[in-house]
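Hi everyone, thanks for making time this morning. Let me put the sequence and the model up on the screen, and then we'll walk through it together.

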Amino acid sequence: MTTARFTPETLLAAQDVRIAFFDIDGVLTDGGVFFSEDGETLKRFSILDGYGLKLLRKAGIEPAVITGRDSKPLRVRLEALGIVHVRYGTEDKLPAAEAMLAQLGFSWAQAAAIGDDWPDLPVLGRAGFAAAPPNAHVEVRARVHHVTTARGGEGAAREFCDLLLTAGGHYRRLLDAVLGPAA
């Protein structure tokens, strides 16, 4: 049993997920972009979200990132998380997702995705399970199975990960591994 609450219908829709596609801006970040004096792009990432991606990997669910941007801080963060399936600077996200599915031998029915804006819609529309943060564009929120309670960059990705872990029957085992034997 998890302390997170998801409807049975939501969990059923997400139970066969083997790969989870993530957008960056507006999902793993709050969507804001900071620029240094030298013009370098700076982003803020949630450690909570990052740990969720690590938990997916432990559960055998492959996290994958397809993003329209590319920057050194983004590459450093994804490398630190051990995310190996990444496409940077990709506005047309569907071909990138299809290539990853083919490479890994997964179908769209085994895919989940979380995104926040129009470029994410083709992937969200084909994934077996789709989610968006509450600060996503209205057209995106209207087309997904689940809208997280947490905003992008503030735990939305972790909530999505927890949902997938719960649906796949992995959440309790992973939590027990952290808690250790009962006293």
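Let me begin with a question for you: which are the buried residues of α2? Before you answer, please keep in mind that what you see is a predicted model.

Here is the list: in α2, Asp49, Gly50, Gly52, Leu53, Leu55 and Leu56 are buried. The helix itself runs over residues 47–58, so to speak our starting landmark. With 12 residues, α2 reaches 17 Å from its first C-alpha to its last, close to the 16 Å expected at 1.5 Å a residue. A reminder that helps when you look at such a list: an α-helix has 3.6 residues a turn, so residues three or four places apart point the same way.

And what covers the buried residues of α2? The cover includes β1 (19–22), β4, α3 (72–81), α7 and α8. We'll visit some of those in a moment.

First, let's zoom in on one residue of α2, leucine 53. Leucine 53 counts as buried because its relative accessibility is 0%, and the cut-off for buried is under 20%. Leaving aside neighbours within four places in sequence, leucine 53 is in contact with Phe22, Leu28, Pro63, Ile83 and Cys161. If you'd like a distance to go with that, the C-alpha atoms of leucine 53 and glycine 26 are separated by 16 Å, and these two are 27 residues apart along the chain.

Now over to β4, the strand of residues 62–66, where we find valine 65. Valine 65 is also at 0% relative accessibility, and therefore counts as buried. Not counting residues up to four places away in sequence, valine 65 touches Phe22, Ile24, Leu78, Ile83, His85, Val86, Arg87 and Met100. Notice Phe22 and Ile83 on that list; leucine 53 is in contact with Phe22 and Ile83 too. The C-alpha atoms of valine 65 and leucine 94 are separated by 12 Å, with their positions 29 residues apart along the chain.

Next stop, α7. How many of its 12 residues are buried? The count is 12 of 12, so to put it plainly, α7 is mostly covered. The buried residues include Arg158, Glu159 and Asp162, along with Phe160, Cys161 and Leu164. You met Cys161 a minute ago as a contact of leucine 53. The length of α7 works out as well: residues 156–167 should span 16 Å at 1.5 Å a residue, and the end C-alpha atoms are 17 Å apart, which agrees. Just after α7, glycine 169 takes a positive phi of about 80°.

For contrast, is alanine 177 buried or exposed? Alanine 177 lies in helix α8, residues 171–179, and is exposed, with a relative accessible area of 62%. From its C-alpha to that of aspartate 92 is 39 Å, and the two are 85 residues apart along the chain.

Let me step back to the whole chain. There are eight helices and eight strands, and 49% of the 183 residues count as buried. A compact globule of 183 residues would have a radius of gyration near 16 Å, and the protein chain has 16 Å, which agrees. Along its principal axes, the C-alpha trace spans about 55 × 35 × 30 Å. The chain exposes about 9100 Å², with carbon and sulfur atoms supplying 53% of it.

That's my tour, thanks for listening!

Conventions: Residues are numbered from 1 along each chain as its sequence is written. This is a predicted model: local features need pLDDT of at least 70, side-chain atom pairs count only at pLDDT 80 or more; totals for chains, interfaces and linings use all residues. Side-chain values use heavy atoms; hydrogens and water are left out. Helices (H or I, at least four residues) and strands (E, at least two) are DSSP runs, numbered from the N terminus. The radius of gyration is taken over C-alpha atoms; the globule rule is 2.2 Å times the number of residues to the power 0.38. Buried means under 20% relative accessible area, exposed over 50%, partly exposed in between (1.4 Å probe, protein chains only). Accessible areas come from the Shrake-Rupley method with a 1.4 Å probe; for residues, only the protein chains shown count as cover. The expected span of a helix is 1.5 Å times one less than its number of residues. Contact means heavy atoms within 4.5 Å.
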